[in-house]
Amino acid sequence: MLPRTIEWDDERNVIKMVDQTLLPARLEVLECGDVDSLIKAIKEMKIRGAPALGVAGAFGVALATFNANSFEDVEEAARKLSTARPTAVNLSYGVSRAMQRVRAAKSLEEARRAALEEAKKMAEEDVATNRKIGEYGANLLEDDDNVLTICNAGKLACVDYGTALGVVRAAVEKGKRIRVFACETRPLNQGSRLTAFELLEDGIPVTLITDSMSGFVMQRRLVSKVIVGADRVVSDGFFNKIGTYSLAVLAKHHNIPFYVAAPLSSFDLEKRSGEVEIEIRSADELKFFCGVQIAPLDVDVYNPAFDFTPHELVTAFITEKGIFTPEELLELKRR
Ligand code: MRU
């Protein structure tokens, strides 16, 4: 069984995380004992997924307090950490939550205790939040629904249980028969490597498709709902793994409900889409596959890790506080 995606080792004061680059072939736990190695792990996607990044940010601040000689050292580490990946709001949210506790502390000793306490609290909140999202979302699923998803918005993207896949898990726990259609999610294959893996681990039926098959499976009514996660929900739409926007357009065309399952910590409704940086990743991710060259080395490459889907394509957001249409969400914000 998968351990928690990320946790703190109290004996050694290091972060332990499942190395997601090795899955599904090997399940190995990686240890990070300093902020630089954590930043490297984040950039290399050893840990990924918005909620898991949030918790990594908070534990990273705790780690910084253990290694720092001054508060300025912690501030510097926090700055580097919060921008390690720019699109998911959770990373900077996790860093700033732990930093608030650090800034209120009178000594580094106190800062250590406070930052670690906050990070552990965030980790527990993540699990409870996902269970709530699952509880609400499960009501939207009917027996024999086939759910299309992209990337991995499961336990591996969180501390445990998952958001989009948490909804599926909760429906299955209620006795509903659900099958997931998982887009493989090029170029880094979070769908085939992680979503397929964790669902099979739990005995939940899953069918793997390439990203380009999603239109056809909708046309053939092989899927009845789409549920995805979110890296950041803003006032005019949301950001998620590249390919999400295409699924939303296709779902609208085929009249298939399109849901976004996300904790409120992924909501940044003060911002509009134009203000959010979309991470552009290395060209090598498209030129090589598992170390094998699959494109001319001198070809130009465009490799955005995320795309933007406007609210008009979203049926509803599934959160830990309930299910909201985009209009209801914006109304809540105005209140
Ligand atoms: O690049 P990744 O793997 O970090 O992208 C992850 C996603 O796009 C997820 O769908 C999102 O973070 C939500 S996870 C609950």
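**Salt bridges and a buried helix**

Across the whole structure, a search turns up 30 salt bridges. The model is a predicted one, and a few of these pairs are worth walking through.

Take E44 to start with. Its partner is K40, and the closest N and O atoms of the pair sit 3.2 Å apart. E44 has a relative accessibility of 36%, so it falls in the partly exposed class.

Further along the chain, R79 pairs up with E76, with 2.9 Å between the closest N and O atoms. Both belong to helix α3 (residues 71-82), and because they are 3 residues apart there, about one helical turn separates them. E76 comes out as partly exposed at 37% relative accessibility. Elsewhere, R97, R101, E117, E118 and E125 are tied into one network by salt bridges that share partners.

R79 also forms a salt bridge with E72, where the closest N and O atoms are 3.3 Å apart. The relative accessibility of R79 is 46%, which again means partly exposed, and E72, with a relative accessible area of 47%, is partly exposed as well.

Helix α2 (residues 50-67) is a matter of burial and length. Of its 18 residues, 16 are buried, so the rest of the structure largely encloses the helix. As for length, 18 residues at 1.5 Å a residue should span 26 Å, and the end C-alpha atoms of α2 lie 25 Å apart, so the two values agree.

Terms used: Residues numbered from 1 in each chain as written. Predicted model: local features only at pLDDT ≥ 70, side-chain atom pairs only at ≥ 80, totals over all residues. Heavy atoms only, no water. Helix = DSSP H or I, 4+ residues; strand = E, 2+ residues; numbered from the N terminus. Expected span 1.5 Å × (residues − 1). Buried < 20%, exposed > 50% of the residue type's maximum accessible area, 1.4 Å probe, protein only. Salt bridge = Lys/Arg side-chain N within 4 Å of Asp/Glu carboxyl O.
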